[in-house]
Structure formats: structure tokens, C-alpha cells
Amino acid sequence: MRADRLVATLLFLQERGRVTVSEVAAELEVSERTARRDLEALAASGIPVYSQRGRGGGWSLVGGARTNLTGLTAAEIRALFLLTGPLAATPELRTALRKLVRALPPALRSGAEAAARAGITDATDWSRNAATAEAGHRSLLQSAVVEGERVLLGYAGVGKPAGVRRVDPLGLVAKAGADYLVAGTDSGLRTFRLSRVTSVEPTGEPVVRPPDFDLASVWRERAEVIEGSMFAVTARVRAAPEALGRLERLLRGRVTVGEPLGDGWTEARVDGPAHRALAAQLAGFGALVEVLDPPELRRTLARIGAELTTLYDGDA
């Protein structure tokens with residue numbers, strides 16, 4: 001932590017030209033005694049920092065000396081701040097961005113600050129539930145991956161109660177707005193969705209990393225299996241004009257639109273993980289989407305319709 005403070009102090013000096021101990025203490029949220037020790041440590045380490053007593057005095061870099069900690073181009077700086085600005089919810093990331101801004105030449109600083117303000121993070125989902133718990137788990141798991149530390153992972157699978165298992169965090173993957181943990185378990189490599197993680201407890205034990213483990217390769221293999229399961233069933237349907245756009249939005253990349261039919265409707269091919277799951281999604285369109293093939297999917301939809309009729313017939 002002290003090394004971080006010394007860098008932050010040096011950058012603060014570089015930005016202001018001359019600072020007082022009280023200004024450094026307020027900026028870094030430390031005591032004046034700590035700020036003075038850090039300034040003295042910079043001077044003792046050979047950095048040309050000196051103090052001047054009396055009215056208008058303070059600490060300065062000799063001759064306006066500067067340090068270049070970035071070497072980034074203007075385009076690289078904008079890309080970095082556009083990416084991290086909306087994510088700067090943690091104190092560590094806010095501190096890192098603040099240090100980087102101070103290390104930039106003045107001509108590039110305003111563009112970086114504008115990029116950081118170009119986006120925000122809303123910490124709630126559309127059901128007004130706080131997403132801070134997942135962020136906390138992500139931070140702990142990131143540390144565990146970097147430090148190579150085994151954790152006790154609380155996890156609730158789909159339709160299953162939460163349980164705790166001992167896992168070796170090996171990498172984190174972000175895909176389509178969701179985060180996943182790839183970890184080693186007693187049963188081999190497994191993938192855990194962070195939104196289903198209920199707790200993370202470091203154990204202090206080292207991770208056992210498989211030889212030649214490559215996160216990108218492992219994820220490609222696991223993604224192929226998951227994506228393959230999403231296309232287990234293929235159906236041929238006809239959709240009314242007012243339903244086609246909604247159908248594409250609902251199923252996203254699992255809809256292939258064909259040629260318009262003579263009656264104004266459009267034929268399309270849709271994919272799903274199973275007959276029941278695909279039927280449940282299509283049932284919401286009512287008579288605006290008709291399944292032409294396969295017959296089993298038509299029968300599944302008929303059964304769903306019968307079940308709904310039995311349940312709600314008295315309300316008609």
C-alpha cells in the first residue's frame with residue numbers, strides 16, 4: 001500500500017507543481033504525519049523533491065521534474081477510459097484512474113476525463129434488485145484467480161438449493177453481459193455463473209492448476225458444448241408480420257428468417273434446447289406464430305394449450 005501512496009504522491013506533485021503536507025493528506029486520505037513521511041521518503045529515494053519553509057512554501061519537484069508513467073497514445077487513453085469509466089465502482093479502480101489521469105500530459109488529460117464521464121453504472125437490474133453482491137463476489141474471485149488461492153464457493157444451480165463446494169478458481173469470462181468462473185473441482189473443470197454465486201470464502205490453500213491450462217482454449221471448448229445444447233431442436237414456423245420482429249428479439253441468434261409467404265406471413269427456422277423449452281417460448285405468441293414442423297413440437301404446443309385451457313377455462 002505504501003508504494004501505491006508514494007506513486008500517488010509523486011503524481012500529485014507533478015500535477016500541482018507545489019503542495020503542502022495538509023493538501024497531500026487530504027488528497028490521499030491519510031494523516032499529515034503519514035503524508036510528511038511519504039514526502040520525505042520520496043526525497044530520500046533520489047527523486048528531486050524538496051521542501052521550502054515559510055509563507056508560500058511547500059513541497060515541489062526540482063526544476064519542474066516530471067515522470068512519464070504511461071506512454072499511451074490519445075486513442076489508447078480514450079479507449080481505456082471509455083471501458084473503465086462506467087466500471088469504476090470500486091475504490092481501487094477509482095484510485096487507479098485518478099493516478100493515470102495525473103500521469104497524462106495536460107493536452108491528453110481533458111480527453112481522458114471526458115471519456116471517463118461518458119458512461120455510468122446503474123447498480124440495480126430492471127427488477128430493482130441490487131447487483132452489488134455479484135460485484136463483491138467478482139472482486140473476491142478475481143483476487144483468488146490472481147493469487148492462486150482455493151475458495152469455498154456457495155452456489156445455487158438452476159432449480160437446486162444453494163450448496164458449498166471447494167473449488168480452484170482458474171479464470172473469469174464475460175460473455176453476453178454475464179460473468180462466469182472457470183474452476184477446477186473434484187469432478188474436473190466446471191463453469192459457474194456469477195449471478196448464481198451466493199458466497200466466496202478464501203481458504204488460504206493454493207490452487208492446483210492443471211498442466212498447460214489455457215483459459216481461452218478451455219472456454220472455447222465449453223462454449224461449444226453450451227451453444228450446441230441451445231440448437232438441439234430445430235423448427236420450421238410461419239410468423240405474422242407483427243410477430244416477426246418480436247420473435248427475432250426473443251430468440252436472438254436462433255432465428256433464421258426465410259422468404260415472405262403469399263399471405264403476408266414469413267417462414268422462418270427457429271432453434272431451441274428442447275421441445276418443451278422452445279414450445280414454452282413460442283406459446284406466448286398465440287396464433288401469431290404457427291409451427292409447421294416437427295410434429296412433436298406441434299403436439300407439445302397442443303398439450304400446453306390444453307393445460308392452459310383447463311386451468312383458465314372458468315375465467316373466460
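Colleague: Which residues does V62 touch, not counting residues up to four places away in sequence?

Modeller: V62 touches P48 and Y50. Please keep in mind that this is a predicted model. V62 is found in the loop between strand 3 and helix 4 (74-84).

Colleague: Is V62 buried, partly exposed or exposed?

Modeller: A residue is called buried under 20% relative accessible area and exposed over 50%. V62 has 42% relative accessibility, so V62 counts as partly exposed.

Colleague: How far apart are V62 and G17, in sequence and in space?

Modeller: Along the chain they are 45 residues apart, while from C-alpha to C-alpha the distance is 9.4 Å.

Colleague: Let us step back to the whole protein. How many helices and strands does the protein have?

Modeller: You can look for 11 helices and 12 strands. The protein has 316 residues, and 32% of them count as buried. Its accessible surface comes to about 19,000 Å², with 54% of that belonging to carbon and sulfur atoms.

Colleague: And what share of the contacts between residues at least 6 apart in sequence join residues at least 24 apart?

Modeller: That share is 57% in this protein.

Colleague: Now for the sheets. How do strands of a sheet pair?

Modeller: The general idea is that they pair through backbone hydrogen bonds, in either a parallel or an antiparallel way. Here, one open sheet of 3 strands has the order 1-3-2, and its pairing is antiparallel. Strand 1 (18-19) and strand 2 (49-52) are the edge strands, each pairing on one side only.

Colleague: How many bridges join strand 2 to strand 3?

Modeller: There are 4 bridges between strand 2 and strand 3 (residues 58-61), and the two run antiparallel. To find one of these on screen, start at Q52, whose bridge partner in strand 3 is G58.

Colleague: I would like to try another strand. Is strand 9 mostly covered or mostly open?

Modeller: Strand 9 (residues 233-239) is mostly covered, with 5 of its 7 residues buried. Strand 9 pairs with strand 11 (residues 266-272) in the antiparallel sense, over 7 bridges. Strand 9 also pairs with strand 12 (residues 289-293), again in the antiparallel sense, over 4 bridges.

Colleague: Which residues stand opposite R238 in those two strands?

Modeller: In strand 11, E267 stands opposite R238. In strand 12, the bridge partner of R238 is E290.

Colleague: What about side chains in a regular strand, where do they go?

Modeller: They alternate between the two faces of the sheet. As a residue to look at within a strand, take D168, found in strand 5.

Colleague: Is D168 buried or exposed?

Modeller: D168 is buried, because its relative accessible area is 7%. Leaving aside neighbours within four places in sequence, D168 is in contact with R150, V182, A183, G184, V207 and V208.

Colleague: Let us finish with a pocket. How much space lies in the second largest pocket?

Modeller: The second largest pocket holds about 890 Å³ of space. Several elements give two or more residues to its lining: strand 5 (163-175), strand 6 (178-185), strand 7 (188-193), helix 8 (215-229) and helix 9 (241-251).

Colleague: Which lining residues lie nearest the centre of the second largest pocket?

Modeller: Of the 26 residues that line the pocket, Y180, R193, R196, I226 and M230 lie nearest its centre. By kind, the lining residues divide into 13 nonpolar, 4 polar and 9 charged.

Methods:
Residues are numbered from 1 along each chain as its sequence is written. This is a predicted model: local features need pLDDT of at least 70, side-chain atom pairs count only at pLDDT 80 or more; totals for chains, interfaces and linings use all residues. Side-chain values use heavy atoms; hydrogens and water are left out. Buried means under 20% relative accessible area, exposed over 50%, partly exposed in between (1.4 Å probe, protein chains only). Contact means heavy atoms within 4.5 Å. Accessible areas come from the Shrake-Rupley method with a 1.4 Å probe; for residues, only the protein chains shown count as cover. Two strands pair if DSSP finds at least two bridges between them. On a 1 Å grid over the protein atoms alone, a cavity is a set of points where a 1.4 Å probe fits but cannot get out, and a pocket is an open set with protein on both sides within 12 Å along at least five of seven lines; lining residues have an atom within 4 Å of a point. Grid points are joined across faces, edges and corners, and a volume is the space filled by probe spheres set on the points. Ala, Val, Leu, Ile, Met, Phe, Trp, Tyr, Cys and Pro count as nonpolar, Asp, Glu, Lys and Arg as charged, and the others, Gly among them, as polar.
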